[in-house]
Amino acid sequence: MSRCACRLSRYSNLRLIVLPEHCQDNDVRNICTLYAINTVGAPATMWIPKVDRDKGPLYLAIADAIELDVVEGRLAPGTKLPPQRALAQGLGLDFTTVTRAYAEAGRRDLVEGRVGQGTFIKGRSPQQAIASAGLVDMSMNLPPIPQDGRVAQSMWARMANMQGPEATRLMLRYQEPGGALKDRVAGATWLSGRLPDVDVGRLLVAPGAQGALTAVVATLAKRGDVVLTEPLTYPGFISLAGHFGVRLFPMQMDESGPVPEALEEAIRTLQPKAIYCTPTLNNPTTRTWSAERRSEIAEVAAMHSIPIIEDDAYGALKRSPLPTLLELAKGPVYHIASLSKCLAPALRVAYLVAPDRASAIRVIGALRGTTAMASPLTTALATDWISSGLAFDFLDELRAETSRRQMAVAKIMPTGVVNSDPEGFHVWLDLPSGWPRGEFVARLRNLGISGVASDAFAIVEPPEGVRLGLGGASGVEELERSLTVVAALIKDRPALGSLIV
């Protein structure tokens, strides 16, 4: 044979190598050595991915190749994939890269490992095949995973520092409610870009934003009391208010934030116990209050002695943040900054800055009675990452990845429908006339994409809107495929896709 049959893999999407008696292709010589049966008439076969080494992490490229071949029928259910070490050697890659690729394929429900046998393609239903065609769950508002994982790897490597006597102490001791001094100092360091010179005596460590909100609401309100909030607001706070029996009423809003005159009228009429708000990158609308409006609202609240609960979940994402309500306040403000949206949701750590030390003591009592303490292990990890500077490095990568994903939104999504912020990783869709939100979400689900209708965020009559999270996709290409589907559906007419029998 004048031309090695291995070269067929260069030009065929099938990527199935049929090895002849002699192989002279340098790129696949290692695989030939491993798999060839050097007897004419007894060829061996092996699937090998076509990997673009200049396009993103290699492990994701391999996982994408598996997914594409499954969806397009080139890898049938039950097909055995090459052993990880053999594929790594054949591609000239590190063994760990292939291991991560197979793990990612398993996460996507594409493959299954069988003890002592190897890795096999799973059987998939037609609906699963639709959902796996590069589409993602956009219902969760997750921070996107940065393309360059070196900082994240360094962060996890520092977990080794927690071994020894210190680890034993963390496992066998309770942490005081509100956090140890070392962890409070780390929190002040983390907040220093937005809140310089924070008094650590007012700063508390809480088990996530929900734990902090629980403690503050328990401190300020009781069953039947009124709290004012934005008309579309964080579902976790709506749920919390429901559990406490607290009544939520909407503030009148315009493009800059709450309308000061309307807020004054609501305060006089309803006599609220607090105002809850997300002035930066509101979830779900992406709206950020203007600097002037923040100052006006802070002044109105102080005039009437109404505490403000400032949920600053997304504040760290801003490279040039506006003044916080806590900075502007002349009255009581409880500032809550979670690490979930700007570092790692799994940490379940939030920093709560009370208006003064007396208020901090009352909140500590509420923490003790509701959530007891933040996890000492995850708090120690957060403190280490912040103190070493790795948390800030990771935040820079997260911002860069968020920017890349927002560029995909700008490129693909139709104008006049999408509300977004270049520094946020969720978008809000104002659906065109004729598109009911329930039908739109249902149609998306049939196409393998999950979104969240406005009902989850509304404390009044919900508008026809849907929130989409950009962080669930493993990369920009996967996100672009999903956004293309969403954009096509928006341009469709609902009646064309409806079928009633």
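This is a short tour of two sheets, a helix pair and an aromatic pair, with what to select at each stop.

Before you click, note that the model is predicted, with local features needing pLDDT of at least 70, side-chain atom pairs counting only at pLDDT 80 or more, and totals for chains, interfaces and linings using all residues. Residues are numbered from 1 along each chain as its sequence is written, and side-chain values use heavy atoms, with hydrogens and water left out.

**Stop 1: the seven-strand sheet**

Select 203-206 and 247-250: these are E5 and E7, the edge strands, each pairing on one side only. They belong to an open, mixed sheet of seven strands ordered E5-E13-E12-E11-E10-E6-E7. Helices (H or I, at least four residues) and strands (E, at least two) are DSSP runs numbered from the N terminus, and two strands pair if DSSP finds at least two bridges between them. From one strand to the next, the twist averages 25°; angles run from 0 to 180 degrees between N-to-C directions, with axes fitted to C-alpha atoms, for helices over the stretch in contact.

Now pick 308-311 and 333-338. Here E11 and E12 run parallel, joined over four bridges. Zoom in on Ile309, whose bridge partner in E12 is Tyr334.

**Stop 2: H9 against H16**

Select 181-191 and 376-388 to bring up H9 and H16, whose axes come within 9 Å and cross at roughly 45°. The two helices are therefore oblique to each other, that is, outside the ranges for roughly parallel (under 35 degrees), roughly antiparallel (over 145) and roughly perpendicular (65 to 115). Show side chains next: Lys182, Asp183, Ala186, Thr189 and Trp190 of H9 meet Thr379, Thr383, Ile386 and Ser387 of H16, where contact means heavy atoms within 4.5 Å.

**Stop 3: Trp190 and Phe392**

Stay on Trp190 and add Phe392. Their rings make a tilted aromatic pair, 5.1 Å centre to centre with 40° between the planes. Rings of Phe, Tyr and Trp (its six-membered ring) pair if their centres lie within 6.5 Å; planes under 30 degrees apart are stacked, over 60 edge-to-face, and the rest tilted. The pair ties H9 to H17 (390-412), with the partners 202 residues apart.

**Stop 4: the four-strand sheet**

Finish with the open antiparallel sheet ordered E14-E15-E17-E16. Its edges are E14 (418-419) and E16 (452-453). Add 465-469 for E17, which pairs with E16 over two bridges; look for Ala453 opposite Val466. Lastly, show 437-446: this is H18, packed on the sheet and touching E15 (426-430), E16 and E17, with its direction at about 35° to that of E17.
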